Every structure is written in structure tokens, then in C-alpha cells.
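Work through the exercises below with the model open beside you. Each task is followed by a stepwise solution.

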There are 2 protein chains.
Amino acid sequence: MSVNSDLQRERAAAILESEDFARWWAGGQAQLLERRSLEEHFYTDPRLQDAVHPSCLSYKERYEQTVAKSTHFLAKLRAWQKAKHPQMSLDVNTLKDFRTLLSGSLGTGIFQQSFPLRLHFSMFMTTLLGQGTEEQQAQWLSRAWHMDGVVGTYAQTELGHGTYIRGLETRADYDPERQEFVLNTPTQSAYKWWPGGLGNTANVAIVLAQLYVQGRHHGLQSFLVRIRDERTHEPLPGVDVGDIGPRLGGNGVNNGFLGLKDVRIPRNQMMMKNAQVLPDGTFVQGRPPLLLYGTMVYVRVITLRDALFCLLQAATIATRYSIVRRQSRIDEDKPEVCVLDHITQQVKILPQIARGVSYRLVADWLWGFYEQVLHQLEANPPAGNSLPELHALSCCLKAVATDEASRGVDLLRKSCGGHGFLSSANFDSIYGMATAAYTYEGEYTVLLLQTARFLVRQYVDSLKRKVLPSSVSYLRDTARLVWGKDLLRNCVRALECSALEEVRQAWQCQSIHRRSKVSEAMATNLAGRQMTAAAVAHAHAFLARQALAELKKVQATMAVTSVLQQLVELFVLDTFLGQVGSVLRWNGITGTQLRFVERRYEQLLAALRPNALAIVDGFDFHDRVLGSTLGCHDGRVYERLMEEARRNPLNQEPVNASFRSHLLPMMQGKL
Amino acid sequence: MSVNSDLQRERAAAILESEDFARWWAGGQAQLLERRSLEEHFYTDPRLQDAVHPSCLSYKERYEQTVAKSTHFLAKLRAWQKAKHPQMSLDVNTLKDFRTLLSGSLGTGIFQQSFPLRLHFSMFMTTLLGQGTEEQQAQWLSRAWHMDGVVGTYAQTELGHGTYIRGLETRADYDPERQEFVLNTPTQSAYKWWPGGLGNTANVAIVLAQLYVQGRHHGLQSFLVRIRDERTHEPLPGVDVGDIGPRLGGNGVNNGFLGLKDVRIPRNQMMMKNAQVLPDGTFVQGRPPLLLYGTMVYVRVITLRDALFCLLQAATIATRYSIVRRQSRIDEDKPEVCVLDHITQQVKILPQIARGVSYRLVADWLWGFYEQVLHQLEANPPAGNSLPELHALSCCLKAVATDEASRGVDLLRKSCGGHGFLSSANFDSIYGMATAAYTYEGEYTVLLLQTARFLVRQYVDSLKRKVLPSSVSYLRDTARLVWGKDLLRNCVRALECSALEEVRQAWQCQSIHRRSKVSEAMATNLAGRQMTAAAVAHAHAFLARQALAELKKVQATMAVTSVLQQLVELFVLDTFLGQVGSVLRWNGITGTQLRFVERRYEQLLAALRPNALAIVDGFDFHDRVLGSTLGCHDGRVYERLMEEARRNPLNQEPVNASFRSHLLPMMQGKL
């Protein structure tokens, strides 16, 4: 098939070699080739392709198609991994590798809305590894790894309880006589709700429940509960399980509900690494579960990557479509121009590319920081404690990045006009994944408030002249912005000054309320607007500063480095202009200075425009990963739109049955 | 069934009588009762209820379910209208009434994602009325009204052409010998694409095509083309028709594609009211189609209403859910509070209610202005010409309102946490409808640019000391903001000053580019950022000013008026704070003044909080119209979530067939 001629021309005219960019983006030539061979191996497999577009299927058909594909996918992936590493043993790293394969671009290309077996490898096995004793691991881990009669899920959230986990109602009562736990979801709001794969797929669940021994409460513990018969898959007695129904996105996940009524499990199915119940019912608290806390942080660190992945999928689709699509003349005597030649379109697309690339730089740094903190914690005695800093940072970055990324995806979708609205364009799936991350594993506002509390504490410390962690050390720098020659320096400094002032506002607002009659907790609630604003301002200042810092470490060809510089610069200016209300409020910036930023911003758009296609080509998304009629590498947009429309089952018969049953009688006046 | 106790308590404690508010909102007691009796009549009909939630159906099943419901709905509606007005004759007003019924809240309650026969009554019949000659109307109108063998649609947009209608490729060549037009879509990008009902439902289409007579081009004309056989519904020879597939929303519409190859129609099937082709091929241009232009304006005026309808649906759901849902303690010794008691939640919800109500005031005013302009145009000679002003206003209001409303719906969805993500919460459908309006009938950026061109022209006129139309007369007022005692006056004036400066920026930017080598058109393109910013600033200033002006005319009880005052005030302050970057840039506003606005903003949140539920109750949305497990009047959130999940076909059998075919073999290592 021929490539769209506009795309050909753009590619030929680009200064950037997209292959050079791709090498840097993938982390090296070897990684790039490995991913490509992996994708080739999987994406050519007819059993991993969809005869009917998932958006045309019923929810039940979609589930069945997903299960068929995911079992085949897992088997094939296992074989592939075995061929590469014949001596592989089962440990944390093997699991990590496998999870990366499942959740990275490979899985996305096959399951645009995820699949029900993912949680087995992420939360279920991770919990076994992290919270199971050696005996428990001996009993369960190998079976779980081979899915030998075990398909697991992780059940924490309840119908009535999410964020506030102390409020969970599910309970486990220890019966010392039979040495069993008795699990119950005593009310409707206690039903477990949301776990992936729980609906119709998993037969074992790790259930979080309030532990009671002889009426005494011992906090939340994890229990391994078999919920379906290993051989028949029938729900076991006392188990009420099912799927929670369609959602805005992620419709391959088989999210489920679970009610438990007097379900008994043996004592050794409480996860006992961190806390134990002895046969006689004695409760023994072990070391505080730092790693549990670590998992939450881990997920937030990873979410930054997921967010930029979604954003750049969308940006790639929009960029390619905006070159193929022609609309309106600029000059009357010339033909319609490609949409990306309209500056209003460049403003929608190029800053999103810049954002995704800058997030990538920060995400890599954050991952390094996360590993560093893990080493600190694992050392005996602990070598420093950066966990609070990491925690605060991961909270606000996850919140702001998922917010900006999902808004970016939506903007990019709208930049494709009507066609962006079609499911075959795939923006709906991408948006579903991006915006889900805004809520799951720490809701946006809840996370911002956590960071804000940290920031206010640090601010108070700064008043006491204490040394602050590096990411917040700017809170001690009370010098006002001095607008110098370095535009980027000016912008970052302005963002920092704003963040400092927003933190100060939050603290003052809390203090004022505290001085009135309300409690400290209520004072914090009443300062909610200022608190969240402070965390957002902090995140923006941090992202801009850190992206610039990481840029300096980049090693790549001249052309790649130069484009990256333009992108990060655009990101910093875009962040500055996006925060202009706060920036103007807290800094003395003149109209001339602001116009200077805007002029540079427009220069960057113009500079990046000729390389736009080469850059998104360099992300090297396989067509399957984009899953979009509008975004394919060959730019055959209209052909694919028509092909996908013709595949629609509704178009397989010239006349739909409802004509005879309803339309004709209506037209004959017989209704 | 009992009502949730938290809702009961809120309702009892409210100062506002929701029934008073409902009366005002509906436009009077009679209107309120009529709508209620209408809803009662339709919503209790079991044939208008869904056995399975549409989100669980396949795309094809969904179509069939929708056709079944919509034919029954139309028949029932016809009977109802006949009973009310036995003497009814078919004219513009009857059609308008009927359309209002179809597209208002009644239709929404039955078809959350619209239905395929709507376009028949909106665009198809409207075009017959507006563009058909008397003979054509005699031939088609009565049949169309009774759907006697005629189900119509309106086909303008093509696969490759939307905004720029001069670029449409479909052509109609007149054959004087046989006195027929020959219609063709000569390329793939010329295929008609998007018309509602076109896919499998309509058998006649009004097709927009480039008219050629003996090779000479006579612009775009409308042609009535039969596309399916009246009796068999088979596509006619030369007709390639089908459904374009699933979308982000509006999945009941049966949007279709249409290819035409040498399809012949008789000469009298060109719509000839405004232009004619005589038998010998002579082309006669009639009066310029002002009314065609009028239709575009009409749709944009109406869209403002649709946008606020969506926004308030979402706000009602979120408000009720936020009272039922309890999450986190504020004070440690008290139980978890309802989410709406968190100020961060109030900030998400209350300003959206304020926005919807303020839009309503402006929408009513805009409708009046529209009717006034129609009268102007119909007078002979025309009594003034406010059409350009109306056009400019309707463009930016449609753009800004659909943008703000869809963002508001999304924010409200996210304010409901994970449950907002479920299709049974219905935010996905509401969002789909709201965001579709951002693009259709004039895409956001395209419309802003149209308004901006008007604004720049007016600004240039103001420099020449000309009198300006009332909505832009502030462009002549170059006095700087003087911060006085009236906070609202200050805010509106600040928004006006910003808008004036943004318009001036756009003009300057255009001028600067014009002075360099580029063409005037390219200069406008390069000023795209400033142009769109100017139109947005103008829209915000207008909305704030007009909402305040309309507020003064409200006649209602004291309590209703007082709540409306708080809502409009909140809207104005929220608009001011939302535009704070532009406001601070172009006005000398001190930190103290800004803090004063913020303090008042928070006071308003606190003042509105106790009446929040009573207000949304007062919108009087029927549960069916909300279509949400989270938003029902009785607040039985968890019960409905479970009920809806249990109805899911995937939950009708304890073990899904894919267990034996795929999961079990996998667990036995046989894959």
C-alpha cells in the first residue's frame, strides 16, 4: 500500500532523522530492535487480532473475545520468555519483567482497554511476594506463576469505601476452635467493588478485611480467599460474585464485585509476613509494613509513565491526521492547507508533544529516585529517609500529570474534529485509560492534599531555618524574581516564587481558620482551595525545573538533542503561560516580559513544525499500539475509516431486521 | 422504597423550597405540570424502557433496540399531540413544537444517546420547508410529516470535508435531455459521512452537491435523493450506504456514509426556492438564502441550551451523590462526612450549578435576540441589521459554552470518584453529548475565529469613533478599571477591559504580520492565538455582564430570587477567577482586591451549600432524564449500582463459556 503523499513529503523534508530519535527514545539500538521483534512476533499472530472492532461487540462478547486473546497471549509470552532465558527462576525481577511486557506497549497493542489477567501478575503476585511468609510462598507462588489452578485478584476497595481505607467494612473473625477465619461483607456498602478480573475470571482473591480476634480489632489484614471452584469455576458457597458493568474505558478488565457470607478459610491463608495470628488467637504485630507503603508509591511513580504514554499516543495520531487532513485555504489562490499549518492547530498539538517528552525525562529521574529510596530502606540501619519526600513528590506528580495528560488527550481528540469522535480513531479508549488514572490509586484531590500537608510542614521548617529536602529547598529562597537574560531561568524561578507564595497562602489560611473556633482538621478542610493550589504550583515548578536539569544529561545526536531542547523549552514556556494567573499574581512581571515569552513560544512552534512528524515517528508506536484509523504510519486515513466502517456488523446485511418489524409498519401508519 | 436518610435530612434543612425553584425554572406552574404529566405518560410505558442497559448491548443490538423504541415513541407522541390539538395543521410552529418534544428532556429520558429519526424532523423537514418551492412542499411535506414512505436525512459533511463547505466534492450534473440531475461522489473523500439516520434508517436524503450545468459551476445546491427502495429498503442502484460505526457518544444516531455513482433524480428534486434550473438548463439565482444562514445561527443559539442542560444533568447527579457518599473524617471523633462537606468538593460542584443557571438566563435573552433579528429580516424593507452581531455572538457563545460545559461535566464526573467512571452513572453519555456539540455545527476554534474577525472590525470602527452594536460597545470605553465598592461591577469591568485589550492585541498582531511580507490571510493565521484569545475573553465578559442584567428581570419568590442572586454572583466571580491570568495582565488589580474576591467566593460557597440539594431538585430532572445510578431522587445509590450490575447479561450465568474454552485449558497448562 502506498503512503499518503503529504506524509511522504513531510518525512522527506524533516531535518530530524526519526530513527535517531527512536533510538534515544527506546534507550538504545538494542532495546529498539528487541521491542520491534517482540511486536512483530505478536502482532502478526492472527489469534491476537480482532475480527470485529471491540467497540461493536456487546459487553459480554467483548469479555469473551478478551479472555480468548489474553490466555493465548500469556501462553505465547511465556514461551517467548522461556526461549530467551531458559534458566529463568521465579523472583521479583522475573515478575517485574513479565509485568512490564504485559502492561507496556506490547499489551496495549493487543488490548486497547486492558485485560482481566493483568491484576494476577501485578497486585496478586506482588502481594504474595511482599506479604506472604516463606511457607505461604512455597504453597502458592509457583502455582500462581504457572496459573496452575490459580487465577488471582486483589480486593480492597468496597462499594462504599475507597480513599478512606480505615473505613473498610469487610471483616475477618478468627475462630480459634477450628483455626479458621470467617469472612463477611456485613452490609451492601461492604461489597468489594472494582477489582480487575474479579467479575468472571479470578478464582482466588486477596481480600483486605478488618481482623477481629475474640471481638478485638487488629486493623486491616490481607486474606487469601478461594472464591470459585478450581475445577467447575462455580462460585463457592457464601460467595456472591459478578461483573460491575461497562465503564468509560478499560472495558477489558472484568472489574467485579464480591460479597462474602460466612466464608471460612484456614488460618494459614492470612498473609502473615508482617503480622500473625497464632493458632490460639494471639495477635503478633511484626515490622511495620514499609513495603506496603512502597507499593503505593511504586504505582504512582509508574503512573507518570502511563500518563505520558497515553498523551503521546494521542499526540502521534493527531499529528499525522493533521498533516493528512486538509482544511480551509489560507491564501485564496492556493489549495486547502493541511490543518497543522494553521497556527491554532500547532498550539493544540506541539505543546502536548513537548509535555509528553518532558514528562519522560522527569519520569526517568523519578524512577531513579524511587530505586534510591528503596536502597535506603533496605539498608540496615536505614541509610537516610527520603521516603516522605518521594511520597509527597509522587503524589502531586501523579495528580498533575494524569490531569494534564487526560486533558491533553481530550484536546488532541478535539483537534481531529468530528473524526476524532469515532471509536475507530481510538481516542475514546486512550482517554478512558488516561482519565481512569486521575482517580485510581489515589484520587487527584486527595493526593494534592497529601502533598500540600508536606509542603506546609516544610514551609514551617523553613521558617525555623531547617535544611529542607532538595525538591522543596526553594521554599527557603525568599528572594523575589529578578528577570534576567536567561528566559528559561526566569520562567522556572517565577514558577518557584509562585509555588512558595501559594504554600504560604495555604499556611496562612490554615492559621487564620485555626485562630477562629474550628478544629485543626476543619481548618485544613477550609483551606482546601489554597492547599490544592499550593500542591499544583509545586508540581509545575518541579516539572519545569527537573525537565531542564535532565535535559542537560541527554546523550544523543546533535539533531535529536537540539529538538529535545526545543521541546523542553516549549514545555517550560507552556507551563509558565498555563500558570500565568498565579505567576502574575506573585511576581512583578511586566507586559513586555510576558510578550517576550509569548514571542519565543511562537518561535518554538515554528521551529518545531517541520520536525513534528519525524518526532512522533520517533516515538515508534506500532500501528497496533495506536489502534487508530487516523494515526497509522502510512496516513491512509480515509481508506481506513471506510474499511473500519464496512467491517461493522451492522453493515453486513443491506437491510436490518428492524425495517420489517418497525420502520415499515411505521411508514405504513400501522403503529 | 425509602429515601436515603442523608438526602431526607438535607431536604428538610434547606431554606429554599425546591418546588418554588422548579416553577420558576420551568417557566411557570402550568409548564411544570404539563412536562410532568408528559413524562409520566411516556416513562411508565414498558415499551419505552430498556430490558438491558444500552452500554451492555452490541452496536447492532443497540441500533435495533433504538429503532424499536423510537418508532413506538413517535407514534405515541403523535397520538398525544393529536389529543391535545385535534385541529392541528402542519406548519413551522407545529414542527417546532414536535421537535422540542423530541429533543428536549422527554427524548433524553428515553434515548440517552439520541435516536436515528430525530434528523428527519430537524434538518430534513426544516430544509423542505425552508428551501422547497410550494409544489415541492405539496409533493413531499405531508408525506414527510406522516413518514408515509419517507424517512429523511440531511447529507452535507463529507469524509474529507467539514468546516470548509466550499470544498465539498459531491457533484450534481444537469442532463437537459432527460431533465435529470446525475449525482456522484467522485472520490473516497467525497463520500457523505456523519448524517444522522443515514446508516440504515433513512430512505431519502437531502444531498448538498456542487451543481454543474453543461460544465458550468453554479455553487452548492440541495437535492432530494431517494437512497433506499420505499418497499424493500434495499439501497437503490448506484447507492453505497452504511453506518459509520461507534462513537464517543450519541450512539443511537445511526450516523451514516453515502456514496453515489451516477444516481439520477428528476429535475424537480433540486430544492428550488432560492435558485432554479429551468428545463433547458438555464440557471436562475433567486434571493440570497438569508434563512440558510439563519438556520446555522438557530442551531448555535439552541446549542447554548443543550450545553447547560448537559451541565446541569451532571451537576444534579454529582450533588446528590456527594451528599449520599461519605468519605473521610474531618474531625477524628466524628464519623465520615458527606463528600459535599469538603470544601474541595464544593469548589467542583457549586460553580457548575452557578454556570448552568447563568447560562440559562443568557440563553433566554439570546433566544429573544434571535427572534428579534428574524423579525428584522422578515420585514420588507429589513428593519435594521443585527444579523452580524447575532452571528458573532452566537459563534463565541456556542464555542465557549460547549467547552466550559463539557469540561464541567467531566469535572463533575471525576468528583464522583470511581463510581463516576461507570456507564451506569451516565456521565459518559452526557459527556458524549456535551463534547459532540463542541465540534458539530461549527467547530470551537473555527467559531472563535469568526467572532474574532468581527471584534477586530468593530475595534477598528471604534478607532474611527463609529457607533458599535450594543454587545461590543465596551470596545469604545478605554477608561481603565477603577476598583469600586461594587464587587460584581469590578469583576465585569475587569473582564471587559481584558477583552478590549485582547482584541487590541489581536489587531496589533495582525497588523505587525501584515507589515512583514505575508499576505493578509496569512497574517490572520499567524495571529491565531491572539484572535481566539480575544473571542474567548469577549464571550466571558458578555456572559458575566448579561447574566447580571437578566438577573434583575427575574420574577420569583424571595427565596428563589435570593438563591439566583448568589448563583449568578458565584458565576461572575468564578469567571473572573478562571480568567485571572488575562485579568491581572490587563488590569491593575492588587493582591488585597484579589483576596477580597476569593473571600467572597468562599462565602458564596458556604451560603449555597445548605440549598445545593434543593436547587438541583428544582431543576426537576426526572430520574429517567438523569439516567444515573448515582443521581436518582431517592439517593439509593448503592442499591442501584448493585441492581444495574446484576442486570448485566454477563452476570446471568454463574460460569461464562470462556472458562471451559480458555481459562481451564490455561490453568491446566494445555495452551
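Contact here means heavy atoms within 4.5 Å. The model is predicted.

**Exercise 1. The contact surface**

Task: State how many residues the contact takes from chain A and from chain B, and the area buried between them.

Solution.
- Step 1. Count by chain. Chain A gives 135 residues to the contact, and chain B gives 135 residues.
- Step 2. Choose a scale. Interface size is often expressed as the accessible area lost when the parts come together.
- Step 3. Read the area. About 11300 Å² is buried between chain A and chain B. Carbon and sulfur atoms give 58% of that area.
- Step 4. Find the main contributors in chain A. A:Phe421, A:Arg529 and A:Met667 lose the most area to chain B. Together they make up 7% of what that side buries.

**Exercise 2. Relating the two copies**

Task: Which rotation superposes chain A on chain B, and with what shift along its axis?

Solution.
- Step 1. Take the rotation. It is 180°, with 0.0 Å of shift along its axis, and the RMSD is 0.0 Å.
- Step 2. Interpret it. The two copies are therefore related as by a two-fold rotation axis.
- Step 3. Check the surfaces. Of the contact residues of chain A, 100% recur in chain B, so the same surface serves both copies.

**Exercise 3. Polar and charged links across the interface**

Task: Give the number of salt bridges and of residue pairs in polar contact between chain A and chain B, then describe the side of chain A that touches chain B.

Solution.
- Step 1. Recall the principle. Side chains of opposite charge can pair when their charged atoms come close.
- Step 2. Count the salt bridges. The interface of chain A and chain B has 16.
- Step 3. Take an example. A:Arg646 bridges to B:Asp240, with the closest N and O atoms 2.7 Å apart. The cut-off is 4 Å, so this pair qualifies.
- Step 4. Count the polar contacts. There are 52 residue pairs across the interface, both residues at pLDDT 80 or more.
- Step 5. Locate the main element. Helix α4 (residues 59–84) of chain A gives the most to the side that touches chain B, with eleven residues.
- Step 6. Sort that side of chain A by residue type. It has 54 nonpolar, 46 polar and 35 charged residues.

**Exercise 4. A three-stranded sheet**

Task: What is the strand order of the open sheet of three strands in chain A, and which strands are its edges?

Solution.
- Step 1. Write the order. In chain A it is β4-β8-β7, with antiparallel pairing.
- Step 2. Mark the edges. β4 (192–193) and β7 (239–243) of chain A each pair on one side only.
- Step 3. Examine one pairing. β4(A) and strand β8 (residues 256–260) of chain A run antiparallel over two bridges. A:Lys192 has A:Leu258 as its bridge partner in β8(A).
- Step 4. Turn to chain B. Its open sheet of three strands also has the order β4-β8-β7. There β7(B) and strand β8 (residues 256–260) pair over five bridges. B:Asp243 has B:Gly256 as its bridge partner in β8(B).

**Exercise 5. A link within one chain**

Task: Which helices of chain A hold A:Arg320 and A:Asp617?

Solution.
- Step 1. Set the total. The structure holds 98 salt bridges over all chains.
- Step 2. Identify the pair. A:Arg320 forms a salt bridge with A:Asp617, the closest N and O atoms being 2.7 Å apart.
- Step 3. Place the ends. A:Arg320 lies in helix α9 (residues 290–324) of chain A, and A:Asp617 in helix α20 (residues 612–619) of chain A. The two are 297 residues apart, and the pair links distant parts of the chain.

Terms used
Residues are numbered from 1 along each chain as its sequence is written. Chains are lettered from A and ligands numbered from 1 in the order in which they are written. This is a predicted model: local features need pLDDT of at least 70, side-chain atom pairs count only at pLDDT 80 or more; totals for chains, interfaces and linings use all residues. Side-chain values use heavy atoms; hydrogens and water are left out. Copies are superposed by least squares on the C-alpha atoms of residues with pLDDT of at least 70 in both. Buried area is the accessible area (1.4 Å probe) that two parts lose on being put together, summed over both. A salt bridge is a side-chain nitrogen of Lys or Arg within 4 Å of a carboxyl oxygen of Asp or Glu. A polar contact is a pair of N or O atoms within 3.5 Å; within protein, one must be able to donate a hydrogen and the other to accept it, and residues adjacent in sequence count only if both atoms are side-chain atoms. Helices (H or I, at least four residues) and strands (E, at least two) are DSSP runs, numbered from the N terminus. Ala, Val, Leu, Ile, Met, Phe, Trp, Tyr, Cys and Pro count as nonpolar, Asp, Glu, Lys and Arg as charged, and the others, Gly among them, as polar. Two strands pair if DSSP finds at least two bridges between them.
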